[in-house]
Amino acid sequence: MRPRIIDRSHDQEFMRLALELAAQGAALGEVPVGAVLVQHGQVLGQGFNRPITDSDPSAHAEMVAIRAAARAASNYRLPGSTLYVTLEPCSMCAGLIVHSRVERVVYGALEPKAGIVQSQGQFFTQGFLNHRVIYEGGVLAEECGAILSEFFKARRAKA
């Protein structure tokens, strides 16, 4: 099997777009997480956390972006795609990533409480999975962490 060639040249650009989306969510009072799904160099889907806005506990940024991308592609599978997300995915989103056949996940900040890629487990390396996801954390981690810290600091100040 030939090794996959990974193009990292646009990682920061797409992560900056995800950060812009996170800021949109923060403006609505949502936890500021943004996600962008790219396939063949094109943005197919994007979103930010919306569980409060949509009264939907599954409306995480990754879920919103992947749903939009699947509709745009008219396919529930997204081979060759990369998902950029400002925060390490949770278990729900990691399962979705595998089932939708996202090839690569790039995330910014670690999620020490519920992150399942690196912080609380290494979900994508589990032998029972029928799809292997390439992952990389730490892209614009400082900026991704800062937007979350500022959001929660402001929320605590209001309380």
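Is Phe-151 buried or exposed? I looked this up before anything else. Phe-151 is buried, at 13% relative accessible area. The cut-off for buried is under 20%. I keep in mind that this is a predicted model.

**Entry 1: the aromatic pairs**

I searched the whole structure for aromatic pairs and got five. I noted two of them in detail.

Phe-124 and Tyr-135 make a tilted pair. Their ring centres are 6.0 Å apart, and the planes meet at 40°. I then checked where the two residues sit. Phe-124 is in the loop between strand 4 (104-109) and strand 5 (134-136). Tyr-135 is in strand 5, so the pair ties together parts that are eleven residues apart in sequence. Phe-124 is buried, at 2% relative accessibility. Tyr-135 is partly exposed, at 32%.

My other pair is Phe-151 with Phe-152. I recorded this pair as edge-to-face, with 5.2 Å between centres and 80° between planes. An angle over 60 degrees counts as edge-to-face. Phe-152 is partly exposed, with a relative accessible area of 29%, whereas Phe-151 is buried.

I also looked for a cluster. Phe-123, Phe-124, Phe-128 and Tyr-135 form one.

**Entry 2: the nonpolar core**

Which residues have the most contacts inside the largest nonpolar core? I found Ile-66, Leu-83, Ile-97, Val-105 and Phe-124. This core holds 42 residues. Phe-124 thus appears in my notes again, after its pairing with Tyr-135.

I listed the elements that each supply at least two core residues. Among the helices are helix 1 (11-27), helix 3 (61-73), helix 4 (91-99) and helix 5 (141-158). Among the strands are strand 1, strand 3 (81-87) and strand 4. Helix 1 gives the largest share, six residues. As background, nonpolar side chains tend to be buried together in soluble globular proteins.

I followed Ile-97 through its contacts. Leaving out residues up to four places away in sequence, Ile-97 touches Ile-66, Leu-83, Pro-89, Val-102, Val-105, Phe-124 and Val-133.

**Entry 3: strands 1 and 2**

How do strand 1 and strand 2 run? They are antiparallel, and six bridges join them. Strand 1 covers residues 34-39 and strand 2 covers residues 42-48. I picked out one facing position: Ala-35 of strand 1 stands opposite Gly-47 in strand 2. The two strands form a hairpin with two residues between them. I checked the turn as well. His-40 there has a positive phi of about 55°.

**Entry 4: the listed binding site**

I turned to the UniProt record. Its unreviewed entry lists His-60, Cys-90 and Cys-93 under "binding site". I asked where these three gather. They span 34 residues in sequence, yet no two of their C-alpha atoms are more than 9.3 Å apart, so they gather at one spot.

I took His-60 next. His-60 is in the loop between helix 2 (51-54) and helix 3. His-60 is partly exposed, at 23% relative accessible area. Its contacts are Asn-49, Cys-90, Met-92 and Cys-93, not counting residues up to four places away in sequence. Both listed cysteines, Cys-90 and Cys-93, are therefore in touch with His-60.

Cys-93 came last. Cys-93 lies in helix 4. I read its relative accessible area as 0%, which makes Cys-93 buried. Cys-93 touches His-60 and Glu-62, with residues up to four places away in sequence left out.

Terms used. Residues are numbered from 1 along each chain as its sequence is written. This is a predicted model: local features need pLDDT of at least 70, side-chain atom pairs count only at pLDDT 80 or more; totals for chains, interfaces and linings use all residues. Side-chain values use heavy atoms; hydrogens and water are left out. Rings of Phe, Tyr and Trp (its six-membered ring) pair if their centres lie within 6.5 Å; planes under 30 degrees apart count as stacked, over 60 as edge-to-face and the rest as tilted. Helices (H or I, at least four residues) and strands (E, at least two) are DSSP runs, numbered from the N terminus. Buried means under 20% relative accessible area, exposed over 50%, partly exposed in between (1.4 Å probe, protein chains only). Two strands pair if DSSP finds at least two bridges between them. A nonpolar core is a set of buried Ala, Val, Leu, Ile, Met, Phe, Trp, Tyr and Cys residues joined through side-chain atoms within 4.5 Å. Contact means heavy atoms within 4.5 Å. UniProt positions are given in the numbering used here, feature names are shortened, and annotations may be inferred rather than shown by experiment.
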